[in-house]
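Me: I would like a close look at a single part of this protein, namely its aromatic rings. Please describe how they are arranged and what surrounds them.

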Amino acid sequence: MKKLVLWGILAALLCALPARGETQSAICLQVVGETDLSEDQRYKLLVRAWAEELLSPLTADAPEDEALWQSLEAVLPRLQAYLNRRAEDAGRPANIRVCAGRFPYAAHALEDRTYPAGDYRAIRITIGGGQGRNWWGVLYQPPEPDTIYYSILVEWFLHLFQ
């Protein structure tokens with residue numbers, strides 16, 4: 001009987017924990033550098049700043065994530081043209097590509113929040129061949145629910161494995 005109870009508790013815990021690869025609700029921004037050369041990595045951050053200039057008014061007072069996502073998808077051609085124009089003004093080639101979709105990301109900590117590994121909707125900006133390191137950030141995070149669920153049973157069970 002004890003084994004049955006413990007298996008039931010374990011099954012309940014596994015169902016409650018987020019699964020790797022699950023779809024996440026945040027909307028991300030990823031900028032992939034052309035190479036890992038320090039000059040290209042600095043340029044990548046400049047491209048990120050240009051993208052945020054254009055995108056931040058859309059995300060500032062976003063009504064909800066689905067409407068925001070549709071707005072972001074609609075602005076992609078304008079964003080790509082804007083980034084390539086800024087690149088040419090800076091004396092760089094107009095070789096920046098922009099796409100949107102769901103992409104897998106590893107677990108990531110930003111400021112005071114941890115984002116579990118999973119598939120996130122993202123705007124991906126690739127410079128040139130995109131062979132360099134990338135920058136990853138969050139454009140929009142839906143508000144957290146006000147309710148916090150706490151279980152002494154879950155705490156106790158997790159404590160057993162520490």
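Reply: The following account begins with the protein as a whole and then turns to its aromatic rings.

The model is predicted. The protein contains four helices and six strands, and from the N terminus on these elements follow the order α-β-α-α-β-β-β-β-β-α. Of the 162 residues in the protein, 36% are buried. Among contacts between residues at least 6 apart in sequence, 73% join residues at least 24 apart. The protein exposes about 10300 Å², and carbon and sulfur atoms supply 57% of this area.

We now come to the rings themselves. A pair of aromatic rings is described by two quantities, the distance of the centres and the angle of the planes. A search of the whole structure finds six aromatic pairs. One of them is formed by Y43 and W50, whose ring centres lie 6.1 Å apart. The planes of Y43 and W50 stand at 80°, and an angle over 60 degrees counts as edge-to-face, so this pair is edge-to-face. Y43 has a relative accessible area of 6% and W50 one of 5%. Buried means under 20%, and therefore Y43 is buried, and W50 is buried too.

A further edge-to-face pair consists of Y115 and W136, with 5.9 Å from centre to centre and 70° between the planes. This pair links distant parts of the chain: Y115 belongs to strand 4 (residues 113–115), whereas W136 belongs to strand 6 (residues 134–140), and the two are 21 residues apart. Both Y115 and W136 are buried. Y115 and W136 also belong to a cluster, in which ring pairs link them with Y105 and Y120.

Some rings also have a charged group over them. The charged end of R92 sits over the ring of Y43, at 3.9 Å from its centre. Likewise, the charged end of R48 sits over the ring of W135, at 4.8 Å from its centre.

Finally, one residue that is not aromatic may be added for its surroundings. Q41 lies in helix 2 (residues 38–60). Its relative accessibility is 8%, so Q41 counts as buried. The side chain of Q41 makes a polar contact of 2.4 Å with the side chain of K44. Leaving aside residues up to four places away in sequence, Q41 touches G33, T35, D36, G132 and R133.

Methods:
Residues are numbered from 1 along each chain as its sequence is written. Side-chain values use heavy atoms; hydrogens and water are left out. Rings of Phe, Tyr and Trp (its six-membered ring) pair if their centres lie within 6.5 Å; planes under 30 degrees apart count as stacked, over 60 as edge-to-face and the rest as tilted. Buried means under 20% relative accessible area, exposed over 50%, partly exposed in between (1.4 Å probe, protein chains only). A charge sits over a ring if NZ of Lys or CZ of Arg is within 6 Å of the ring centre and within 35 degrees of the ring normal. Contact means heavy atoms within 4.5 Å. Accessible areas come from the Shrake-Rupley method with a 1.4 Å probe; for residues, only the protein chains shown count as cover. A polar contact is a pair of N or O atoms within 3.5 Å; within protein, one must be able to donate a hydrogen and the other to accept it, and residues adjacent in sequence count only if both atoms are side-chain atoms.
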